[in-house]
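Visitor: I have a chain on my screen and would like to take a close look at one helix in its middle stretch. Could you walk me through its setting, its residues and its partners?

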Amino acid sequence: MFREYNKIVEAGASGEAVGLRYLPTTDPGVNTKIDALWMAAYSGKDRGICLLIDDLRPVLENDKDLAYQTLLYAAGGGNAPCVELLLPFSTTAGNTMALKQAAKHGHVECVRILIPVSTPTFNNSEALRHAAKRGHNRCVEALYGVSDPFEALQQLRTRHQDKQSKWEHLSQLCQRDILLQAINNLDPCNEGRRKI
């Protein structure tokens with residue numbers, strides 16, 4: 001039985017569709033299939049992920065924790081196609097945690113997929129903070145307009161002063177916005193009087 005388990009989990013990790021088609025004939029049990037699904041989700045092998053999702057569809061529909069955990073593995077591993085496949089089984093709260101995971105690891109494609117179905121401002125824009133703290137500038141840029149960047153920057157300044165070089169890009173974006181806002185708020189009449 002242990003050999004069958006290894007064969008199925010390895011098939012999930014490698015994305016080997018032929019090995020995963022072996023599932024229905026062996027009936028390895030739900031837990032083995034879940035392990036194979038997690039391995040496929042994390043390793044970025046989406047070739048066989050459809051087979052596993054189809055096989056586990058009733059379980060995924062009824063067990064939000066399983067769907068959530070699988071989505072976390074996919075987002076953490078940067079498996080954008082798998083993230084998309086798992087969204088119908090997930091919740092906004094689960095998507096928000098997956099957004100944080102994707103941002104933390106710098107997977108901008110997953111971040112872009114998750115932004116519309118999550119709450120990027122959750123916990124003081126936690127996803128943006130994690131991206132900035134690790135220097136994932138493309139994720140910072142993707143999250144900037146949908147988060148509260150000034151709150152995130154304040155949190156970083158308070159908690160992670162030692163990593164300022166990593167979150168410098170977020171600081172520069174915030175400074176740019178402050179400058180643009182100041183320029184846009186200039187009253188042309190007052191500007192003329194100052195020149196006199």
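Guide: Happy to. Read from end to end, the chain runs α-α-α-α-α-α-α-α-α-α-α-α-α-α, which comes to 14 helices and zero strands. Please keep in mind that this is a predicted model. Of its 196 residues, 41% count as buried. Among contacts with a separation of 6 or more, 65% join residues 24 or more positions apart. The accessible surface is about 10,500 Å², and carbon and sulfur atoms make up 51% of that area.

Let us settle on helix α8, residues 92–104. With 13 residues, α8 reaches 18 Å from its first C-alpha to its last, close to the 18 Å expected at 1.5 Å a residue. After the helix comes G106, which has a positive phi, near 80 degrees.

Now for what α8 hides. Its buried residues are G94, N95, T96, M97, A98, L99, K100, A102 and A103. These pack against four other helices: α6 (64–77), α9 (108–114), α10 (122–133) and α11 (137–144).

Start with N95, a polar residue to pause on. N95 is buried because its relative accessible area is 4%, under the 20% cut-off. Setting aside residues up to four places away in sequence, N95 touches L71, L87, S90, L114, V117 and S118.

Next is M97, also in α8. With the same neighbours along the sequence left out, M97 touches Y68, L72, F122 and E126. The C-alpha atoms of M97 and L71 are 9.1 Å apart, although the two residues are separated by 26 positions along the chain.

From M97 we can step across to E126, whose place is in helix α10. E126 counts as buried because its relative accessibility is 12%. Beyond its neighbours within four places, E126 is in contact with M97, K100 and P120. Its side chain also makes a polar contact of 3.3 Å with the side chain of N123.

The K100 partner deserves a closer look. K100 forms a salt bridge with E126, with 3.8 Å between the closest N and O atoms. This pair links distant parts of the chain, as K100 sits in helix α8 and E126 in helix α10, 26 residues apart. Side chains of opposite charge can pair when their charged atoms come close.

That bridge belongs to a count of four salt bridges. Another is D55 with K33, where the closest N and O atoms are 2.9 Å apart. D55 lies in helix α5 (residues 49–62) and K33 in helix α4 (residues 30–43), so this pair ties together parts 22 residues apart in sequence. K33 is buried at a relative accessible area of 10%, whereas D55 is partly exposed at 30%. R176 and D177 form a further bridge, at 3.2 Å between the closest N and O atoms. Both are partly exposed, R176 at 41% and D177 at 23%.

Back to α8 for its nonpolar side. The largest nonpolar core has 48 residues, and those with the most contacts inside it are L60, V83, V111, L114, L143 and L170. Helix α6 gives the largest share of this core, six residues. V111 brings us home: beyond its neighbours within four places, its contacts are L99, A102, A103, C139, A142 and L143. Of these, L99, A102 and A103 are among the buried residues of α8. L114 also leads back to the helix, as one of the residues that N95 touches.

How values were computed: Residues are numbered from 1 along each chain as its sequence is written. This is a predicted model: local features need pLDDT of at least 70, side-chain atom pairs count only at pLDDT 80 or more; totals for chains, interfaces and linings use all residues. Side-chain values use heavy atoms; hydrogens and water are left out. Helices (H or I, at least four residues) and strands (E, at least two) are DSSP runs, numbered from the N terminus. Buried means under 20% relative accessible area, exposed over 50%, partly exposed in between (1.4 Å probe, protein chains only). Contact means heavy atoms within 4.5 Å. The expected span of a helix is 1.5 Å times one less than its number of residues. A nonpolar core is a set of buried Ala, Val, Leu, Ile, Met, Phe, Trp, Tyr and Cys residues joined through side-chain atoms within 4.5 Å. Accessible areas come from the Shrake-Rupley method with a 1.4 Å probe; for residues, only the protein chains shown count as cover. A polar contact is a pair of N or O atoms within 3.5 Å; within protein, one must be able to donate a hydrogen and the other to accept it, and residues adjacent in sequence count only if both atoms are side-chain atoms. A salt bridge is a side-chain nitrogen of Lys or Arg within 4 Å of a carboxyl oxygen of Asp or Glu.
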